[in-house]
Amino acid sequence: GAAMSRKFIVGGNWKCNPKTGKECNELLKEWKKTLSMVDGSKVEVVICPPALWMTSLTDGIQGLGMCVSAQNVSKTGAGAFTGEWTAENLVDIGVSWTLIGHSERRTKYGETDADTAEKVAKCQAAGVSAILCIGELLEEREAGKTDEVNKRQLGACIPSIKDWDKIVIAYEPVWAIGTGKVATPEQAEETQAAIRAYIKQAVGAAVAEKVRIQYGGSVTPDNCAELITKPNIDGFLVGGASLKPSFMDIIKTVGPSKMATMWPSFQEKMSKDGCNDAAIAAFKYTYGVLTSGADVMIPESKLDPVETLPTYESIKAKPDPRLLKKTLVLKLNGGLGTGMGLEKAKSLLEVTKGNSFLDLIAQQVASMKKEFKTDLKFMLMNSFATSADTLEALSKYETLGTGSDLEFVQNKAPKVTATDMSPATWEKDKGHEWCPPGHGDLYPAMLGSGTLDKLLKKGYKYMFVSNSDNLGATMDLKILKYFADSRAPFMMEVAERTDADKKGGHLAKDKATGGLLLRESAQCPEADEKEFQNTDKYKFFNTNNLWVDLVALKAQFKKHDGALPLPVMKNAKTVDPRDKESTKVLQLETAMGAAIQCFEGASALVIPRSRFAPVKTTNDLLALRSDAYVLTEDFRIQLAPERNGVPPDVKLDGAYKFVDAMDSMIPNGPPSLIACKKLVVEGKVTFAAGVTIKGTVTIKNSGASKEVPAGVYEDKTLDL
């Protein structure tokens with residue numbers, strides 16, 4: 001290819017094809033699928049559709065980062081010239097390119113060298129860029145007249161050219177156009193070198209150095225790779241091959257993006273490791289967003305706040321247990337409790353009276369089946385790390401089902417080397433080369449495991465999905481009926497943000513579409529941090545309790561070729577998280593709530609805070625195990641009525657961050673917190689049996705562990 005200063009240029013000349021505008025739009029849609037393989041900074045692309053479609057296709061072609069070009073232009077100005085259009089007409093409709101002197105115009109319509117020179121002059125005057133076509137017939141080549149013909153055709157136009165930046169030359173050996181005969185790369189290079197030498201002699205070295213010369217003549221995805229390596233070939237003018245989806249392969253060969261050069265190695269790595277098609281498609285989408293350099297931030301300027309939403313209290317829907325037959329309850333269960341010192345699934349933690357999260361969930365499902373005398377489908381999305389433990393723990397609940405009826409496993413994604421975007425490698429531990437793709441992976445994991453199709457076949461329509469550590473997220477018949485009646489494809493349960501929630505993501509409206517979207521803190525530009533945390537402006541946050549219409553979900557996959565276009569979040573880490581000197585990597589994640597922006601007509605419902613009770617720390621766990629909470633007959637955990645909906649605020653010493661340490665602090669069970677507003681523990685202590693905390697109490701101990709004796713402590717600081 002082109003010298004450093006010359007940008008590659010590829011033209012697609014559709015000639016008098018295809019038959020309908022619909023086919024044009026379908027072709028552009030196909031091209032869009034592989035757009036991420038092209039680096040627009042390396043290659044300019046100019047498309048020449050039939051004149052009647054130039055205006056209607058402008059948006060579609062420009063949307064792909066390409067320019068629209070005419071195939072011809074009049075040699076005259078405006079006037080009595082039937083069947084013509086002028087260079088000024090092109091400018092008027094926003095078309096800034098045209099072909100001039102294509103061999104079909106010369107041989108089939110009798111255009112002369114003098115005609116092309118006049119056309120060039122008109123384009124120069126109007127500021128229209130021209131691809132000037134030259135080239136010899138077969139008998140001229142056989143008579144050794146190639147260079148002579150090119151000099152004659154070019155020489156006729158040179159006097160008309162004042163601005164060489166608006167001229168591209170296309171050398172098209174006429175004998176090779178549409179015949180399948182191709183000039184060898186050597187023949188093409190030799191001829192194009194001679195054209196450049198002629199321009200140098202006729203116009204000057206500077207122009208010869210910067211003018212771009214395309215090769216045209218049966219260019220295909222197969223022969224373009226070798227041709228483009230030649231120093232005097234600066235791109236191609238493509239005929240028939242530009243009417244196919246594979247035209248993008250030619251452009252990709254000329255101006256490959258990071259995606260084009262790197263993707264094959266990711267594809268191979270994922271296939272080798274047994275990742276399914278949906279997992280690969282999902283990662284291909286997120287990796288494409290990364291390599292495109294697209295801005296993943298959501299600035300304030302793109303958002304409007306959500307002023308009001310329907311609330312749970314205002315719902316008039318009457319519960320309809322019959323809907324349960326068509327409903328799936330799904331829990332996200334991929335997380336390990338590492339933050340709480342656990343090497344197993346967090347949901348296996350004991351919450352209350354010997355029950356783990358999973359025990360409570362399993363018993364809730366059983367109690368609903370019994371109460372409403374109906375079947376209710378329950379499933380988990382596990383990760384590789386949680387699957388075995390979880391299935392074993394649930395095996396005692398025979399009615400839940402087993403294996404692929406009970407779980408599907410979330411995918412894994414390759415970590416990306418930060419410096420060059422290649423797949424990260426770590427020989428010491430290959431496991432470190434992979435990461436979870438965030439809970440947005442719920443959708444491709446459902447698709448790729450076959451779960452989605454299996455559920456649809458069995459007549460399931462609604463899915464209620466939530467995090468397994470959110471004890472408040474129970475199946476609610478009133479919400480189910482409301483969701484079914486609303487016909488919305490997707491509904492998010494949101495809660496009102498308080499000061500404690502201001503660092504987390506919020507719901508907002510897309511200014512452009514008016515649709516709902518989520519903004520996470522990782523997507524907020526630093527300058528907008530203050531507004532992001534403004535809970536008066538952005539009033540609602542996502543609880544990750546979501547309702548999804550499975551039929552609508554399947555339709556989204558169809559619409560987007562098997563990968564939902566979820567917003568992508570980049571996390572910078574090291575390949576071995578514990579070794580800060582190891583390779584810097586990017587982990588690409590998506591969030592399941594962000595799908596709200598994929599579904600037209602998606603909605604949100606404000607729910608009481610009681611439906612959002614996640615357990616993130618041992619502070620939460622101590623409160624849950626205390627008498628501030630009660631276990632209902634249908635195995636839901638609720639705040640005791642005396643609490644009036646406000647949980648006690650517990651702050652334990654850092655020494656009790658892990659569950660086993662917290663257990664050692666309460667050998668006789670937790671203290672009574674039913675009347676506690678705030679409990680702070682500083683230092684090491686154990687609680688005797690029969691301790692009651694009321695109001696705001698701080699317990700301090702600076703030395704070796706001491707016991708808090710039995711008794712009532714109210715609004716005081718206790719120094720042991």
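## A helix with two sides

A residue is called buried here when its relative accessible area is under 20%, and exposed when that value is over 50%. With that in mind, and remembering that this is a predicted model, let us start with helix α15, which spans residues 387-394. Three of its residues, Ser-387, Thr-390 and Leu-394, are buried. Viewed down the axis of α15, these buried residues fall within an arc of 70°, so they line one face of the helix. An α-helix has 3.6 residues a turn, so residues three or four places apart point the same way.

What does the buried face of α15 pack against? Its partners are the strands β10 (327-333), β13 (377-382) and β14 (407-409), together with the helices α14 (357-372) and α16 (403-406). Turn to the other side of α15 and you will find Ala-388 and Glu-392, which are exposed.

## Around α14 and the loop that follows

Helix α14, one of the partners of α15, also holds Val-365. This valine has a relative accessible area of 6%, so it counts as buried. Setting aside residues up to four places away in sequence, Val-365 touches Leu-376, Phe-378 and Leu-400. Take Leu-376 as an example: it sits 11 residues from Val-365 along the chain, and the C-alpha atoms of the two are separated by 7.1 Å.

The loop between α14 and β13 contains Thr-374. Is this threonine buried or exposed? Its relative accessible area is 10%, and Thr-374 is therefore buried. Beyond its neighbours within four places in sequence, Thr-374 is in contact with Pro-321, Leu-324, Lys-325 and Lys-369.

## Where α5 meets α7

Now for a pair of helices elsewhere in the chain. Helix α5 covers residues 113-126 and helix α7 covers residues 146-157; their axes come within 8 Å and cross at roughly 40°. Because of that angle, α5 is oblique to α7. The crossing of these two helices is right-handed.

Which residues make the contact? On the α5 side they are Asp-113, Thr-116, Ala-117 and Val-120, and these meet Arg-152, Gln-153, Ala-156 and Cys-157 of α7. Sorted by character, the residues of this contact comprise four nonpolar, two polar and two charged.

## Backbone features worth a look

Most residues other than glycine have a negative phi, and most peptide bonds are trans. A few places in this model are worth checking against that background. The peptide bond from Asn-17 to Pro-18 is cis, and its omega is near -15°. To find Pro-18, look in the loop between β1 (8-13) and α1 (21-33).

Two residues other than glycine have a positive phi: Phe-635, with a value near 65°, and Asn-644, at about 50°. Phe-635 belongs to the loop between β26 (629-631) and β27 (637-639), while Asn-644 is placed in the loop between β27 and β28 (649-651). How accessible is each of them? Phe-635 counts as partly exposed because its relative accessibility is 24%. Asn-644 has a relative accessibility of 69%, so this residue counts as exposed.

Key: Residues are numbered from 1 along each chain as its sequence is written. This is a predicted model: local features need pLDDT of at least 70, side-chain atom pairs count only at pLDDT 80 or more; totals for chains, interfaces and linings use all residues. Side-chain values use heavy atoms; hydrogens and water are left out. Axes are lines fitted to C-alpha atoms, for helices over the stretch in contact, and angles run from 0 to 180 degrees between N-to-C directions. Helices (H or I, at least four residues) and strands (E, at least two) are DSSP runs, numbered from the N terminus. Angles under 35 degrees count as roughly parallel, over 145 as roughly antiparallel, 65 to 115 as roughly perpendicular and the rest as oblique. A crossing is left-handed if the near helix is turned anticlockwise from the far one by less than a right angle, and right-handed if clockwise. Contact means heavy atoms within 4.5 Å. Ala, Val, Leu, Ile, Met, Phe, Trp, Tyr, Cys and Pro count as nonpolar, Asp, Glu, Lys and Arg as charged, and the others, Gly among them, as polar. Buried means under 20% relative accessible area, exposed over 50%, partly exposed in between (1.4 Å probe, protein chains only). The arc is that of the directions from the helix axis to the C-beta atoms.
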